[in-house]
Amino acid sequence: MARMKFICDAERCIECNGCVTACKNEHEVPWGVNRRRVVTLNDGVPGEKSISVACMHCSDAPCMAVCPVNCFYRTEEGVVLHDKDVCIGCGYCSYACPFGAPQFSSQGTFGVRGKMDKCTFCAGGPETHGSQAEFEKYGRNRLAEGKLPACAEMCSTKALLAGDGDVVADIFRNRVVQRGKGAEVWGWGTAYGSQQAGQPAGGKS
Amino acid sequence: MTHRLHFIAIAALALGTLTACGEKPQTGAGIRSDAVPYAGTGSNFTEPGWKAGDKASWEAQLKARQQYGQNEYTRTQTK
């Protein structure tokens with residue numbers, strides 16, 4: 001299996017925020033913390049585009065590089081997770097992340113002592129799979145239940161794709177071929193490091 | 001003799017006080033290892049069609065779910 005990846009198809013996203021709601025409901029994310037959000041580019045201008053943004057589980061994750069206590073780890077499937085028992089809530093990861101994924105809350109089970117919270121690709125954390133401790137700290141572990149991230153599975157237009165990177169790429173490629181446009185995938189190059197559509201030639205990938 | 005006993009008692013008290021003020025040993029530092037996702041959760045919410053602990057069946061299950069749930073072309077068009 002290839003590594004897990006996210007793609008948001010801007011041609012399909014209708015800014016319904018279903019992904020945001022699904023995420024908040026599935027993991028009982030507290031008030032003030034948004035693991036996923038929808039961003040609209042050129043809002044109000046004809047041709048505006050919306051994209052759903054969360055942790056992209058980067059191939060070379062900047063958050064992992066800057067963490068002073070080394071609380072991050074990458075699973076075999078390429079999902080970037082962190083241990084909240086090790087996190088000191090310094091916020092360096094928040095500055096390093098190009099997607100604004102790390103969230104900090106001052107209260108609630110997710111934010112006790114200012115621990116960082118972020119999208120887990122619905123893969124829980126280092127606690128025992130399916131345990132109450134894992135749910136309270138990281139949310140539900142859908143991957144271990146044989147399911148995909150709730151945000152993508154709840155997307156009404158299937159704009160948000162998640163799962164095996166090869167399958168995601170195949171589905172998106174087929175769409176582009178069928179409709180003959182919309183090959184831009186914002187964040188793909190930044191997160192996964194390939195010079196693909198949407199990335200300036202010679203630019204930073 | 002009495003002075004010596006006093007001295008030993010005060011020294012023991014000081015030692016005990018210092019111990020009480022010390023930090024707890026930080027043996028829990030570092031990332032605990034995470035179990036593999038295909039190990040399953042054992043919960044009733046587990047999706048049927050794959051066997052917990054079997055990596056191949058877990059991967060096949062996720063890929064099938066991805067194709068069925070996210071790729072409508074496989075359902076609407078026969079190519």
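Which backbone oxygen does the side chain of Thr46(B) reach? In this predicted model, the side chain of Thr46(B) comes to 3.0 Å from the backbone oxygen of Ser43(B). Thr46(B) sits in the loop between H1 and H2 of chain B. With a relative accessibility of 26%, Thr46(B) is classed as partly exposed. Setting aside neighbours within four places in sequence, Thr46(B) is in contact with Thr41(B) and, in the other chain, with Glu145(A). That last contact leads to my main topic, the interface.

Let me begin with chain B itself. Chain B has three helices and zero strands, and its elements run α-α-α from the N terminus on. Of the 79 residues in chain B, 20% are buried.

I turn now to the interface as a whole. Here 42 residues of chain A are in contact with 32 residues of chain B. The area buried between the two chains is about 3,100 Å², and carbon and sulfur atoms give 51% of that area. In chain A, the residues that lose the most area to chain B are Met1(A), His129(A) and Glu145(A), which together account for 20% of what that side buries. Glu145(A) is the residue that we met a moment ago as a contact of Thr46(B).

What of the polar component? Between chain A and chain B there are 15 residue pairs in polar contact, with both residues at pLDDT 80 or more. On the chain A side, strand E4 (72-74), helix H5 (150-154), strand E8 (160-164) and helix H6 (165-179) each supply at least two residues that touch chain B. H6(A) gives the most, with six residues. By residue class, the side of chain A that touches chain B divides into 18 nonpolar, nine polar and 15 charged residues.

Next, the charged pairs. How many salt bridges cross the interface of chain A and chain B? There are three, while the count over all chains comes to 18. I shall take the crossing pairs in turn.

In one of them, the side chains of Arg12(A) and Glu72(B) meet at 2.3 Å, N to O. Arg12(A) belongs to the loop between E1 and helix H1 (18-27) of chain A, and Glu72(B) to the loop between H2 and helix H3 (73-76) of chain B. Arg12(A) has a relative accessible area of 17% and is therefore buried.

Another pairs Lys55(B) with Glu76(A), at 2.4 Å, N to O. Because Lys55(B) lies in helix H2 of chain B and Glu76(A) in the loop between E4 and strand E5 (80-82) of chain A, this pair joins two chains. Lys55(B) is partly exposed at 30% relative accessibility, whereas Glu76(A), at 54%, is exposed.

There is also the salt bridge between the side chains of Glu153(A) and Arg65(B), at 2.6 Å, N to O.

For a pair within a single chain, consider Asp170(A) and Arg173(A), whose closest N and O atoms are 2.7 Å apart. These two residues are three apart in helix H6 of chain A, so about one helical turn separates them. Both are partly exposed: Asp170(A) at 41% relative accessibility, and Arg173(A) at 48%. Elsewhere, salt bridges that share partners join Glu26(A), Arg140(A), Arg142(A), Glu153(A), Glu47(B) and Arg65(B) into one network.

I move on to the aromatic residues. The structure holds three aromatic pairs over all chains. In one of them, the ring centres of Phe6(A) and Phe121(A) are 4.6 Å apart and the planes stand at 45 degrees, so the pair is tilted. Phe6(A) lies in strand E1 (residues 4-8), and Phe121(A) in the loop between strand E7 (116-117) and helix H4 (132-138), so the pair ties together parts of chain A that are 115 residues apart in sequence. Phe6(A) is buried at 2% relative accessibility, as is Phe121(A) at 1%.

Chain B offers another tilted pair, Tyr38(B) and Trp58(B), at 6.2 Å centre to centre and 55 degrees between the planes. Tyr38(B) is in the loop between helix H1 (2-21) and helix H2 (55-70), and Trp58(B) is in helix H2, so this pair links parts 20 residues apart in sequence. Both residues are buried.

I close with a polar residue of chain A. Is Ser50(A), in strand E3 (residues 49-53), buried or exposed? Ser50(A) is buried, with a relative accessible area of 5%. The side chain of Ser50(A) makes a polar contact of 3.0 Å with that of Thr40(A). Beyond its neighbours within four places in sequence, the contacts of Ser50(A) include Ala10(A), Cys13(A) and Val38(A).

Technical notes:
Residues numbered from 1 in each chain as written. Chains lettered and ligands numbered in written order. Predicted model: local features only at pLDDT ≥ 70, side-chain atom pairs only at ≥ 80, totals over all residues. Heavy atoms only, no water. Contact = heavy atoms within 4.5 Å. Buried area = accessible area lost by both parts, 1.4 Å probe. Salt bridge = Lys/Arg side-chain N within 4 Å of Asp/Glu carboxyl O. Polar contact = N/O pair within 3.5 Å; in protein donor to acceptor, adjacent residues only side chain to side chain. Helix = DSSP H or I, 4+ residues; strand = E, 2+ residues; numbered from the N terminus. Nonpolar A, V, L, I, M, F, W, Y, C, P; charged D, E, K, R; others polar. Phe/Tyr/Trp six-rings, centres within 6.5 Å; stacked < 30°, edge-to-face > 60°. Buried < 20%, exposed > 50% of the residue type's maximum accessible area, 1.4 Å probe, protein only.
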